[in-house]
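I opened the coordinates and kept notes on what I looked up. The entries follow in the order in which I made them.

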Amino acid sequence: MTLQGKVALVAGGTRGAGRGIAIELGAAGATVYVTGRSTRGQPSEYARPETIEETAELVTANGGRGIAVRVDHLIADDVRGLVGRIRAEQGRLDILVNDIWGGEQLFEWNKPVWEHNLENGLRMMRLAIDTHLITAHHALPLMIERPGGLLVEITDGTAEYNAGHYRLSPFYDLAKVAVNRMAWAHAKDLAKHGSTSVSLTPGWMRSEMMLELYGVAEENWRDATAKVPHFVISETPRFVGRAVAALAADPDRERWNGQSLSSGGLAQVYGFTDLDGSQPDAWRYVPEVQDAGKPADATGYR
């Protein structure tokens, strides 16, 4: 599998799924623009140590070419400038990954809309939906100049799962359902240009924040299963990254156009594994996890 000569934009690549995706695209040989608001000199309101520069360096260290660009994807001029830079430097865009999120500090589980903080809820909507639309608006015209482009909208939960399960917050629920629908809608337009659009969800992802929540590191993550046994079905951010890389390298990727996909499901098709050689498929087990009294939504399947 090679993506040599391909140019990717991972919007929201500072940490978590975005970082894992950027690294794996780089490992396949792509040039990867990594965007976000957290830089070494200017952290976002998250106030966390991860930065876009660090992600770009990991892309390069794994065989690709990582380029960090600070972008606030709520600011159209920022995104317009980013795409202009990609056009000037590369003359093409083959892969767009919309992974912008930023809502971990905004949602309130098990609160109806009248009890949830309204300002935070509406901010979540803007971060989860508006950013993706603004980025698609400016970046897709460059991508469709060549046939074969791939748009991946990253969300939480497959369309099938989200259709039958309340995600414990009206704002969070709407945000994640909307991204699945967004990918489906873009598919209708992109098909006319020989490009493909999908939505993709990781499983129970061992992001930096999730590991901290359970008081473990990647090296000893299994220790957390003593308190939360179902954590055994979790996966690294690199797993969903390998799913994106497999899609991007598939010459028949248009067969997926408009579909809602999962990292575990695609592993069964393409045969890739997580870093430890396993093939976790969390969404196969989420209903059982909920039945066992551990709400999947509240324990971190994103």
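**Nonpolar cores**

I began with the largest nonpolar core, which holds 34 residues; Ile21, Leu25, Val32, Val97, Val152, Leu200 and Leu266 touch the most other members. I then asked which element gives this core its largest share. Helix α8, residues 237-249, does so with 8 residues. Apart from that core I found another, of 20 residues, and Leu93, Leu96, Ile134 and Met143 are among them. I note here that the model is a predicted one.

I picked Val97 from the largest core and listed what it touches beyond four places in sequence. The list for Val97 reads Leu9, Val10, Ala11, Ile21, Leu25, Val152, Ile154 and Val244. Of these, Ile21, Leu25 and Val152 are also named among the residues that touch the most other core members.

**The whole chain**

I next looked up the totals. The protein chain has 11 helices and 7 strands. Its C-alpha atoms fill a box of roughly 50 × 45 × 40 Å along the principal axes. I checked the radius of gyration against the rule for a compact globule: for 302 residues the rule gives a value near 19 Å, and the protein chain has 18 Å, so the two agree.

How much of the chain counts as buried? I got 57% of the 302 residues. The accessible surface of the protein chain comes to about 12,300 Å², and carbon and sulfur atoms hold 52% of that. For contacts between residues at least 6 apart in sequence, I found that 72% join residues at least 24 apart. On charge, I counted 31 positive and 38 negative side chains in the protein chain, with the centres of the two sets 4 Å apart.

**The loop between β2 and α2**

I looked at two residues here. Thr51 sits in the loop between β2 (31-36) and α2 (52-61). Is Thr51 buried or exposed? Its relative accessibility is 7%, so Thr51 counts as buried. Leaving out neighbours within four places in sequence, I found Thr51 in contact with Thr14, Arg19, Ser38, Thr39 and Arg40.

Ala47 is found in the loop between β2 and α2 as well. I put Ala47 down as exposed because its relative accessibility is 62%. The phi of Ala47 is about 55°, a positive value although the residue is not a glycine. I marked this because most residues other than glycine have a negative phi.

**Another positive phi**

Leu168 also went on the list, with a positive phi near 70° in a residue other than glycine. Where is Leu168 placed? I located Leu168 in the loop between α5 (159-164) and α6 (170-190). With 13% relative accessibility, Leu168 counts as buried, whereas Ala47 counts as exposed.

**Around α9**

Gly264 lies in helix α9. I read 2% relative accessibility for Gly264, which therefore counts as buried. Beyond four places in sequence, Gly264 touches Phe239, Pro280 and Asp281. For the pair Gly264 and Pro280 I took the C-alpha separation: 5.7 Å, with their positions 16 residues apart along the chain. Phe239 falls within the residue range of helix α8, 237-249.

Trp283 is in the loop between α9 (263-270) and α10 (286-291). I asked whether Trp283 is buried or exposed. The relative accessible area of Trp283 is 11%, under the 20% cut-off, so Trp283 is buried. I also checked Trp283 against Gly203: the two are 80 residues apart in sequence, and their C-alpha atoms are 6.2 Å apart in space.

**Pro202**

My last entry concerns Pro202, in the loop between β6 (196-201) and α7 (208-213). The relative accessible area of Pro202 is 0%, and the residue is buried. How far apart in space are Pro202 and Gly148, C-alpha to C-alpha? I found 24 Å for this pair, which is 54 residues apart in sequence.

Conventions. Residues are numbered from 1 along each chain as its sequence is written. Side-chain values use heavy atoms; hydrogens and water are left out. Helices (H or I, at least four residues) and strands (E, at least two) are DSSP runs, numbered from the N terminus. The radius of gyration is taken over C-alpha atoms; the globule rule is 2.2 Å times the number of residues to the power 0.38. Buried means under 20% relative accessible area, exposed over 50%, partly exposed in between (1.4 Å probe, protein chains only). Contact means heavy atoms within 4.5 Å. Accessible areas come from the Shrake-Rupley method with a 1.4 Å probe; for residues, only the protein chains shown count as cover. Lys and Arg count as positive and Asp and Glu as negative; His and the chain ends are not counted. The place of a charge is taken as NZ of Lys, CZ of Arg, CG of Asp or CD of Glu. A nonpolar core is a set of buried Ala, Val, Leu, Ile, Met, Phe, Trp, Tyr and Cys residues joined through side-chain atoms within 4.5 Å.
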